[in-house]
Amino acid sequence: MSTTMPAQVRPLAKPAQSPQSARSPQSSRSSGDTRSRILAAAAALFSEQGYAGTSVRDISERLGVTKAALYYHFPSKETILDALLEPFVQDLGRLAELTRQTPSPSPDLVIERIAEVMASAGGMLLLLADDPSIIHRRIGEQDMLSLQRMLVRVLAGPDPSEARLLRARCAIGALKAGIMGRALERATAVACSVTATGPAAPAASIASSCLVTSEERREIVAAALAALGSEAPVVVRPRG
C-alpha cells in the first residue's frame, strides 16, 4: 500500500513466505492450495465461534492436519487473520486516498467505490459484522470512525448544512444495510442447504465470492444516491 496512507488505515504485515514455495510451480500450487484451505477453515471457524473463541488447534482439527503443518504456512492465528483481512484493508486504504483527491470526487463515484469495497470483501464483512473485535485488532474502532467521517464529508460537499451531513450518513447507511442484509440472507440460505458438505462449506463459499450480484449492487447504489438526494431540503408535512 502507499506509504502516504494515513495512520487510520495501517498496512498489514505479510505472513512469511514458505521457503519451499520457490522450488517448483507444482510445489507452489500445492502450497497455495493448502494456504487457501487454511484460510477457508479459519474464516468458517471465526464466523461460528468468534476470533477469540477459535484456537490454532481448532483450525488444524477442522482441516485434519497437525498444528505443525499449519504453522508451516502461518506462524500464528494472528497472521491467519492478517491474510484474511489484507485485501479488505488495502481497499480501505484506496478509499481513504480517494477522499483526499483535489478536486473532491463526485458523490456518485464515492458511493460506487464504497459499494465496490463492501460488496467485494466476501465473507470477511459477514465476520466483521458479527465480531467487530476482528477488524478492531487490525485497524481500530476510532480509525474506522475516522474513515467514515471522511466519507461523509466528501458526500456532503463543501460547507454542508446539518441536513446535508445527515443525508450523507443515510447514504452510507443504505449501502451497509443493502449489502449486508442481502449477504446475510444469502449466507443463511446457503447454510440451510448444506447437507453432506460439512459445517465449513457456507462460510468458505461466501468468503470466496462477492456478497451481492452486480444487479443487486446497482439497486443498492441507486438507493444510496436517492438517500443522499439533492441540496433542496425535504418538506415533511404534519398529519391531519
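**View 1. Arg-182 and Glu-185 pair up along helix α9.** In this predicted model, the side chains of Glu-185 and Arg-182 come together in a salt bridge, with 3.3 Å from N to O. Both residues sit in helix α9, three residues apart, or about one turn of the helix. The pair isn't on its own: salt bridges with shared partners tie Arg-182, Glu-185 and Glu-216 into one network. As for its surroundings, Arg-182 counts as partly exposed because its relative accessibility is 28%.

**View 2. Asp-91 and Arg-94 form a salt bridge within helix α4.** Here the two side chains meet at 2.6 Å, N to O. Asp-91 and Arg-94 are three residues apart in helix α4, so about one helical turn separates them. Their settings are worth a look. Asp-91 has a relative accessible area of 17%, so this residue is buried. Arg-94, at 52%, is exposed. Searching the whole structure turns up five salt bridges.

**View 3. Glu-97 meets Arg-100 in another salt bridge.** The N to O distance between these side chains is 2.5 Å. How accessible is Glu-97? Its relative accessibility is 27%, so Glu-97 counts as partly exposed. Arg-100 also lands in the partly exposed class, with 37% relative accessibility.

**View 4. A cis peptide bond links Thr-102 and Pro-103.** Look for an omega of about -5 degrees at this bond. Where does Pro-103 lie? Pro-103 is in the loop between α4 and α5, the latter covering residues 107-120.

**View 5. Helix α5 spans about what you'd expect, and a glycine with positive phi follows.** With 14 residues, α5 reaches 20 Å from its first C-alpha to its last, close to the 20 Å expected at 1.5 Å a residue. Which residues of α5 are buried? They are Val-110, Ile-111, Ile-114, Ala-115, Val-117, Met-118 and Ala-119. Just past the end of α5, Gly-122 adopts a positive phi of about 60 degrees.

**View 6. Leu-175 is one of the best-connected members of the largest nonpolar core.** That core has 62 residues, and those touching the most other members are Phe-46, Ile-59, Ile-80 and Leu-175. Helix α4 (residues 77-99) supplies the largest share of the core, at 11 residues. Zooming in on Leu-175, and skipping neighbours within four places in sequence, you'll find contacts with Ile-111, Ile-114, Ala-115 and Met-118, as well as Ile-220, Val-221 and Ala-224. Some of these partners will be familiar from the α5 view: Ile-111, Ile-114, Ala-115 and Met-118 are among the buried residues of that helix.

**View 7. Asp-159 has a positive phi, and this residue isn't a glycine.** The phi angle of Asp-159 is near 45 degrees. Asp-159 sits in the loop that runs between α8 (141-156) and α9 (162-193). Is Asp-159 buried or exposed? Its relative accessibility is 79%, so Asp-159 counts as exposed.

**View 8. Zoomed out, the chain has 11 helices and zero strands.** Buried residues account for 40% of the 240 residues in the protein chain. Taking contacts between residues at least 6 apart in sequence, 74% join residues at least 24 apart. The accessible surface of the protein chain is about 13100 Å², and 55% of that belongs to carbon and sulfur atoms.

Methods: Residues numbered from 1 in each chain as written. Predicted model: local features only at pLDDT ≥ 70, side-chain atom pairs only at ≥ 80, totals over all residues. Heavy atoms only, no water. Core = buried A, V, L, I, M, F, W, Y, C linked by side-chain atoms within 4.5 Å. Buried < 20%, exposed > 50% of the residue type's maximum accessible area, 1.4 Å probe, protein only. Helix = DSSP H or I, 4+ residues; strand = E, 2+ residues; numbered from the N terminus. Contact = heavy atoms within 4.5 Å. Expected span 1.5 Å × (residues − 1). Salt bridge = Lys/Arg side-chain N within 4 Å of Asp/Glu carboxyl O. Areas by Shrake-Rupley, 256 points an atom, 1.4 Å probe, with all protein chains shown as cover.
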